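Welcome! Let us take a look at the charged side chains of this protein and see how they pair up.

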Amino acid sequence: MNWNMNRWISLMITLMAGAALPLSAQRLTLSHVITMAQENSLDAQIARYTYLSSYWKYRSFKAELLPSVNLTGSLGNFNHSSVEARDAETGRVNLVDNNSMTNTATFSVDQQIAATGGKVSLQSYLYRLDQFTYHEKTYNSQPLRISYTQPLRSYNALKWEKKTAPVRYQIAERTYIASMQDITIKVADLFFAVLAAQSDYRQSQQTVSDREKLYQLAQKRLSLTTTTKSEVLQMELSLINARMALNENRITLDDAMYNLFSYLRVTDYEQAELAAPEAVPDLVVNTDEVMTKAIGNSSHTLEQKLQMLEAQQNLAQAKSNRGMQMTLSSELGFSQKGPTLSSAYSRLKDNEIIGLTLSLPIFDWGVTKGKVRMAQANLDVVRTKIEQTHLDFLQELRRKVSLFNAQPAQCRHALRAKEIAVERYDITRRRFEAGAISVTDLNTAQVEMESAQAQYISQLKTFWNNYYTLQKSTLYDWQRHEDLCVDFEALLKP
């Protein structure tokens, strides 16, 4: 079932703008309220913002892989103070006045190398020193400088992030689609709660109407001495009970209506009427196909993959911290200094720097070794849990398929039972009018009819709950035979 942000937009405009056709005059189907909930509920907004947060996090990571252009500087650093100065010949330290100002500017293009964890930078640097006491200006420039820093045997965080970030984003996409199905399941429960309350209320109205007529008939029979006072009192008691049930069902219906339309964020729902699904599709799904769709479409496989990657990442980080740490730094470029800006860019001199920084822990009481062993054990635990979780996931799918395939028959049986109960009640009522049976028999037939009607709605609710639960597990529309999809580009629009 393709979920489109523009679907039923005309309906939403009518609801929110208060058009000539109010909601109270419409018969809403299950598909109507599902669409409204997926577009307008607070849960839908939360799911959208959660997805947007994941999207921009992924976009930020992708931006880290691209070159960055930076301009840094330090302007107007004025210093008027006494500073220490050592005589080069005698070694004597004197305090001298310093009255100077420095300005620096660096323009750089930086690129991180995900494969190696290094960083290459292309820079242009300019420095100016003003010594006011001596009325001197000094420029120091590096018009072109290429530097490269490469950690050796160190943990490469960017390399691992390049593996995990796309998986996290794929999970975010599928989680959003699953969230829409959660909304569908929730609003379907609210829909059938209203439907059941609506059915009970209508039946109560009909029952009160029938009991009033039958009570009048019983009074006429009493005046003709064709019935007993006890029968009349029993009919009056039945009428009172019917009126009490009517009031209770009205309150239940009001509560159910409020719960549904509050979730839909709709206020104009007075006397709104819900249309029950006329029939359930005679649909049988194949267990193997369900498992294939669930493994291929849902976030289950991706979440397991991410868990393994994170455990492997922790192990790689623990191992990289063992032994000698080395960082290679190199720089190649040109430099010059002079009293004027033009002289600082004339007759450039070579500028080369290269060095290797070492760090070797001698003895750490087994801390590093313990962290490696702990990370390895955690990886084994994650691997074992993933195997068990996958088996449980497949078993749960088998159970869902079994429940779903059995439900259409249950709905057909419940529908037939409802038809039989309604027909039996009509026959019983006519026999009571003819004086052939007692009030007790009439009440028994009524209870059986109400129970059959409630059971039918309950079976419908179970069917659609099972269907949407299966749809959430597989992210697949089993009626239209297509994968669920979302226009994520539309979600990004304000």
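Which salt bridge do the side chains of Arg243 and Glu212 meet in, and what is its N to O distance? The two side chains meet at 3.2 Å, N to O. Arg243 lies in helix H5 (residues 229-264) and Glu212 in helix H4, so this pair ties together parts that are 31 residues apart in sequence. Arg243 is partly exposed, at 38% relative accessible area, and Glu212 is partly exposed too, at 32%.

Keep in mind that this is a predicted model. Searching the whole structure turns up 17 salt bridges. Another one joins Glu310 and Arg168, whose closest N and O atoms are 2.9 Å apart. Here distant parts of the chain are linked: Glu310 belongs to helix H7 (residues 300-320) and Arg168 to helix H4 (residues 157-223), with their positions 142 residues apart.

A further salt bridge stays within one helix: Asp380 and Arg383 meet at 3.1 Å, N to O. They are three residues apart in helix H8 (residues 367-433), which means that about one helical turn separates them.

The table gives the relative accessible area for the residues of these last two pairs.

| Residue | Relative accessible area | Class |
|---|---|---|
| Glu310 | 27% | partly exposed |
| Arg168 | 29% | partly exposed |
| Asp380 | 35% | partly exposed |
| Arg383 | 35% | partly exposed |

Salt bridges can also join up: Arg27, Arg202 and Glu273 are linked in a network of them.

Key:
Residues are numbered from 1 along each chain as its sequence is written. This is a predicted model: local features need pLDDT of at least 70, side-chain atom pairs count only at pLDDT 80 or more; totals for chains, interfaces and linings use all residues. Side-chain values use heavy atoms; hydrogens and water are left out. A salt bridge is a side-chain nitrogen of Lys or Arg within 4 Å of a carboxyl oxygen of Asp or Glu. Helices (H or I, at least four residues) and strands (E, at least two) are DSSP runs, numbered from the N terminus. Buried means under 20% relative accessible area, exposed over 50%, partly exposed in between (1.4 Å probe, protein chains only).
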